[in-house]
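Colleague: I am new to this one. Can we go through what you call things, and why?

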Amino acid sequence: MSTDTATATATDIAWDPYNRAYADDPYPIFQRLREDVPLYYNEQYDFYAVSSFADCERGLPDWKTFSSAKGGILEIIKSGIELPPGTLIFEDPPAHDLHRKLLSRVFTPKRIGGLEPKVRDFCVRTLDPLVGAGRFDMVEAFAKEFPMRVIGMLLGIPEADQAGIRDAGNDALRTEAGGQMDLSDGPLLSGEIFGPYIDWRRENPSDDLMTELLTNEFTDENGVTRTLTRDEILTYVTVVAGAGNETTGRLIGWATSTLAKFPEARAELVADPSLIPGAIEELLRFEPPGHAIGRYVTRDVEFHGQTVPAGSAMMFIIASANRDPARYPDPNAFDVRRRIGQQLTFGLGGHYCLGAALARLEGRVALEEILKRFPSWDVDWEAAKIASTSTVRGWESLPVVVG
C-alpha cells in the first residue's frame, strides 16, 4: 500500500480468501475492510480487493480497465493459463459480445419460462418422499440434485447421467482446507465430459439447448457465417452447466439455513407466498453463493488515493458490497420485504449472469414447494458443514429436523 497508515491497517486486517475460518462467517472481516481498508492489498497472494458497493459498482462494468480475459477466479488469473475461446465468462468485447449474443438467442425467456412445469414436477417428486421423515439432509436430499436436473432438462442430458456430471463439476471446484483449485486440465475443464451427448444429439436433434447450439448459424468475428464447432459447443455447454449447477444448489442451502435463523420471516412466507420472489432477491443479497469476482487490471487505476498498478489481480468482494450500509439500511438484517433495487450477486455490466432468470425461477419454485410441505424446521448446526471451495460458499451438508 502506498501510505504508512494503510500499510499498518492492512497488516492488522488480513483477508485470506482460502482460509476456512472466513468461510464460516466472513462478514465481520468484510465490514472491517469496508471501514478501514477500502483498498486492500494481500501480499501473500499478491492481489488487491475493494469491498464497498460504490467501488464494485464502479469497477465491474469497466472491462477496459478490469479485464475478464485472464479469468474471473483468482487462481486462474494468477496462473496465466490460456483459456479456450467461447469461455463466455472469461472474455472481453468484442469476442464476449458475439458469443453472449449467440447464447442469448437460445437462452430465451420463453425457453426458461417453459421449464417451470418440469422444474416443479422434479421438486414434487423429490420432496414428497421426505414428508414425515422427521430429519434429513437438505443438501444431500434436494439441493445437490435439483440444479443439475434443471440443467439436464435444458441441455437434453438423460437423468441417469446427470449425477455423474454434477459430481465431476463439484469435484473440480472443491479444495482442500486452506488450499486453491486444482487447475490441471481434466475432462471437465476441456468439456469433453459432454462430448458423447453432443455427438449423439447431432445425429438425433431435439427441442433442447444442445440442438439449438448445434444448428444455429451466426456471423463470427471474421465475418464468416457458420455454426459452432464441436470444441466451441463443448465450451459453451461446460460454462452453462458449471455456472448453473454449483451456485443454484448453494442458494437453496442458504434459503434453508437463513429461514431457520429467521423463523418470523419464514412464517411470513408461509402465510403469504407472494412474498417469495422478493425473498429470493433478499437471499441473494444476504448470502450470495459467489463472494468475489476477480479481474485482471490492464492499466494503472486509482482507488482511495492509491494506485493499483497494471498487471495486478483485483477482487471485487460483492458479498461485502451487498452488506454495505451506504447502499442497504440495516444490511445485516434479513428482510423479505426489503426493496432491493440493484444488487451485485449476478454481476454487473456486460458480464451480468445470463442464467439469472433461470436461477430466480429455480429458487422461487424450490422455496414454494419446500414451504408447502415444511412450514417450519430447525437445523442441526453441530452436524452442518460448509463446503471447502475458493469460488463459491455454501453448505456441503445441512441436516434439518422438521415437525
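Modeller: Start with a helix pair, and keep in mind that the model is predicted. In α8, Lys 118, Val 119, Phe 122 and Cys 123 meet Phe 146, Arg 149, Val 150 and Met 153 of α10.

Colleague: What makes that a contact of α8 with α10?

Modeller: Contact requires heavy atoms within 4.5 Å. The residues named from α8 and α10 meet on that basis.

Colleague: How do the residues of this contact divide by class?

Modeller: Six are nonpolar, two are charged and none is polar. Lys 118 and Arg 149 are residues of this contact, and both count as charged because Lys and Arg belong to that class.

Colleague: How is the packing of α8 and α10 described?

Modeller: Two packed helices are described by an angle and a distance between their axes. For α8 (residues 116-127) and α10 (residues 146-155), the angle is about 145° and the axes are 10 Å apart. The crossing of α8 past α10 is right-handed.

Colleague: Now the empty space. How many cavities of 30 Å³ or more does the structure hold?

Modeller: One. The largest cavity has about 30 Å³ of space. It is called a cavity because a 1.4 Å probe fits there but cannot get out.

Colleague: Which residues line the largest cavity?

Modeller: Leu 251, Ile 252, Ala 255, Ile 280, Gly 363, Ala 366, Leu 367 and Ile 370. Two or more of them come from each of α15 (230-261) and α19 (356-373). The largest share, four residues, is from α19.

Colleague: Why does the lining have one polar residue?

Modeller: Gly counts as polar, so Gly 363 is that residue. The other classes give seven nonpolar and no charged residues.

How values were computed
Residues numbered from 1 in each chain as written. Predicted model: local features only at pLDDT ≥ 70, side-chain atom pairs only at ≥ 80, totals over all residues. Heavy atoms only, no water. Axes fitted to C-alpha atoms, helices over the stretch in contact; angles between N-to-C directions. Left-handed = near helix turned anticlockwise from the far one by under 90°. 1 Å grid on protein atoms, 1.4 Å probe; cavity = no way out; pocket = protein on both sides within 12 Å on 5 of 7 lines; lining within 4 Å. Points joined across faces, edges and corners; volume = space filled by probe spheres on them.
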